[in-house]
2 protein chains.
Amino acid sequence: MDMVLGIDVGGTSIKVGLFTPEGKFLDERKITTTELVSEQAFAAVTGAITAFLAEHDAGPEDVIACGLDVPGPVADDGTLGIIANVELDPKGFVAAFKAAFPQASIAFVNDANAAALGEMWAGAAKGANSCVVIAVGTGVGAGIVANGRLVAGAFGAAGEAGHVTVNRDETRQCGCGRYGCLEQYASAQGIVRTYLEECERRCVKPVDVEHATDTLSVFRALADGDECAKYAVEVMCDYLGLVMSQISCIVDPELYLIGGGVAGAFDTFAPMLRERFDAYALKPSRAARIEVASLGNQAAMYGSAYEALRIRRESRTPSLE
Amino acid sequence: MDMVLGIDVGGTSIKVGLFTPEGKFLDERKITTTELVSEQAFAAVTGAITAFLAEHDAGPEDVIACGLDVPGPVADDGTLGIIANVELDPKGFVAAFKAAFPQASIAFVNDANAAALGEMWAGAAKGANSCVVIAVGTGVGAGIVANGRLVAGAFGAAGEAGHVTVNRDETRQCGCGRYGCLEQYASAQGIVRTYLEECERRCVKPVDVEHATDTLSVFRALADGDECAKYAVEVMCDYLGLVMSQISCIVDPELYLIGGGVAGAFDTFAPMLRERFDAYALKPSRAARIEVASLGNQAAMYGSAYEALRIRRESRTPSLE
């Protein structure tokens, strides 16, 4: 029976999703790893996957496609850029997978891009020809789909919506080295920081915030009528709506999906985000739908499986040079 | 002998380009028209094209593809939006063309998008997989190509780079009804206005400017060391570079081509534009080339011919609903 793997590659573990070629999710398994740079580490991973397959009465030869989503840039031609925080030898990794699963096409996909593909394949964007999935979490990332195909970018930087400059007067530096990026205001970290700063400005005691990305407490404060929390969410929606209007001036998608941790509060901020987007967008683009992503943290698993299947159909192999 | 037509549809005339299916330009002809809304007007156009074909020993049955570029929105599915300044009944126009050239696939393409496709097919973007062609003329428009395919947008508004908001403090309204659009600063009109305003601000007599889009005089003044002209071109490059950096965060193209009337001064402003783009862009995207478009005002003719050929290959017919 043909099987497809979608694999989240992380720093200390990988998460393997098992799918049918039609996109039906069967099961998932978390595998703890050492640094993915040695034959031994690769063998441990492929061995664990083979055991996982056996539980589903499948063998290594049943795997027809295997997608790997990585937290770093992957260009249009499948080339992998530098991945921060993950020790990975991509050439060795692919060679080990090719040996272990000889029938499988192998694909690398950036995680935000994989999430977009996953939502297109089996989630809230199913049937859409164009869609932008914006993951609002610790940072802000996006996956762009146009003409039914992922736009990865010539240099792997497509969908870096978190780094669109929205405030040229910002004096604080963003993690990317530039100033006034969307991510500085519309990420979980940005929301919490705006909240705390606004409390300080108004000389108001903030609610307890457990950590730098604890938006749960900020949204709870908002529900309790906290004006500073309201302000932080307004700033988030204003900048995010602005960037979405700019994205519409470039690729004009039919659908925006909001994912990532902050999407848990989607129902709370959606009306405000809609209002801000409509205020900034060109008239025809206001017909775009804004909805919540539906696959949660499984989206990238789905999407990388999908991309590997697509590559199989087009018999393309990714370049590692 | 198979022939392909690429036709610029304007308000009072159409310009017909004759191509081989391989993209070789053979000849062009301007045909004066009345409003394109009656059988009589359509017959006059198709008759003139048939006579033009006869000069090249070709008949109506030799036309295998016919692309029509229009100064208005065309969505991903080929649907035509409202076209300002051109009286056109698209359904009747297509029906007349189908009757006159029965072998031809027919396609509508937005003019800026057509220019991008033309440059990809036979111009400076030949061989590129992704490219953004920015036409800097009376206004600012762009054509976005990703994964080798034009991105027209779900609502026909992809590539509306001229309406990316770059200055939220602007109090003057843009033609689109919004405020602080790129077009207000980086178009021919914007450059001339910035120049005149800066002269007034500094109480300096401006050089003679013949009309609202006479950038030639401004660039001539710049060459003569005029500080206000330098300022106007700096503002143009700064905002255009900023928007290009934002485009790179969305689709990350390998190549930018600058076309339109202002591209005549490309050599003058290119170093400044490059510097501004590099200052704003994410590091990987700075590898993008910035060059001048090569097909001039023939680009859209080429591109609409190309799109009609592509549709023929994919046997798709455009929707007019």
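Which residues of E7(B) point one way from the strand, and which the other way? Keep that question in mind while loading this predicted model, and begin the tour on chain B.

**Stop 1: strand E7 of chain B**

Select residues 140-146 of chain B, which make up strand E7. B:Val140, B:Ala142, B:Ile144 and B:Ala146 point one way, while B:Gly141, B:Gly143 and B:Val145 point the other way, and all of these residues are buried. The strand is accordingly described as mostly covered, with seven of its seven residues buried.

Now add residues 131-136 of chain B, strand E6, which runs antiparallel to E7(B) and is joined to it by six bridges. To see one of these pairings, display B:Cys131, whose bridge partner in E7(B) is B:Val145. The two strands E6(B) and E7(B) form a hairpin, and three residues lie between them.

On leaving E7(B), select E8(B), which is also antiparallel to E7(B) but is joined to it by two bridges. Here the pair to display is B:Ala146 with its bridge partner B:Arg149 in E8(B). This hairpin of E7(B) and E8(B) has two residues between the strands, and B:Asn147 is found in the loop between them. Phi of B:Asn147 is near 50 degrees, a positive value in a residue other than glycine. As background, most residues other than glycine have a negative phi. B:Asn147 is partly exposed, with 16 other C-beta atoms within 10 Å.

**Stop 2: the loop after E8 of chain B**

Move along to B:Asn167, which lies in the loop between strand E8 (149-150) and helix H4 (183-186) of chain B. With 16 C-beta neighbours inside 10 Å, B:Asn167 counts as partly exposed. For a sense of distance, draw a line from the C-alpha of B:Asn167 to that of B:Ala95: the two residues are 72 apart in sequence, and 45 Å separates them in space.

**Stop 3: helix H1 of chain B**

Next select residues 39-54 of chain B, helix H1, whose 16 residues reach 22 Å from the first C-alpha to the last, close to the 22 Å expected at 1.5 Å a residue. Colour its buried residues, which are B:Phe42, B:Val45, B:Ile49 and B:Leu53. Looking down the axis of H1(B), one finds these buried residues within an arc of 80 degrees, so they line one face of the helix. In general, an α-helix has 3.6 residues a turn, so residues three or four places apart point the same way.

Turn the view to the face of H1(B) directed away from the buried side, where the exposed residues B:Gln40, B:Gly47, B:Ala51 and B:Ala54 are carried. To see what covers the buried residues, show strands E1 (3-9), E2 (13-19) and E3 (25-32) together with helix H2 (90-100) of chain B, which are included in that cover.

**Stop 4: strand E4 of chain A**

Cross to chain A and select residues 63-70, strand E4, of whose eight residues seven are buried, so the strand is largely enclosed by the rest of the structure. Strand E1 (residues 3-9) of chain A runs parallel to E4(A) and is joined to it by six bridges; A:Val4, for instance, has A:Ala65 in E4(A) as its bridge partner. E4(A) also pairs in the parallel sense with strand E5 (residues 105-110) of chain A, over six bridges, and one pair to display there is A:Cys66 with A:Ile106 in E5(A).

**Stop 5: the domains of chain A and a loop**

Colour chain A by its domain assignment, which gives domain 1 (3-111 + 298-313) and domain 2 (124-294). The centres of these two domains of chain A, taken over C-alpha atoms, are separated by 29 Å. Eight residues of domain 1 are in contact with nine residues of domain 2 in chain A, and the domain 1 side of that contact has four nonpolar, two polar and two charged residues.

Then select A:Cys203, in the loop between helix H5 (188-201) and helix H6 (215-223) of chain A. Phi of A:Cys203 is near 55 degrees, a positive value in a residue other than glycine, and A:Cys203 is exposed, with 6 other C-beta atoms within 10 Å.

**Stop 6: where the chains meet**

Finally, show both chains: 39 residues of chain A are in contact with 39 residues of chain B. On the chain A side, the elements that give two or more residues are strand E7 (140-146), strand E8 (149-151) and helix H7 (227-250), and H7(A) supplies the largest share, seven residues. By class, this side of chain A has 22 nonpolar, 12 polar and five charged residues.

Note on methods
Residues are numbered from 1 along each chain as its sequence is written. Chains are lettered from A and ligands numbered from 1 in the order in which they are written. This is a predicted model: local features need pLDDT of at least 70, side-chain atom pairs count only at pLDDT 80 or more; totals for chains, interfaces and linings use all residues. Helices (H or I, at least four residues) and strands (E, at least two) are DSSP runs, numbered from the N terminus. The expected span of a helix is 1.5 Å times one less than its number of residues. A residue is buried if 20 or more other C-beta atoms lie within 10 Å of its own, exposed if 12 or fewer, and partly exposed in between; C-beta atoms are placed from the backbone. The arc is that of the directions from the helix axis to the C-beta atoms. Two residues are in contact if their C-beta atoms, placed from the backbone, lie within 7 Å. Domain bounds come from an automatic or database domain assignment. Ala, Val, Leu, Ile, Met, Phe, Trp, Tyr, Cys and Pro count as nonpolar, Asp, Glu, Lys and Arg as charged, and the others, Gly among them, as polar. Two strands pair if DSSP finds at least two bridges between them.
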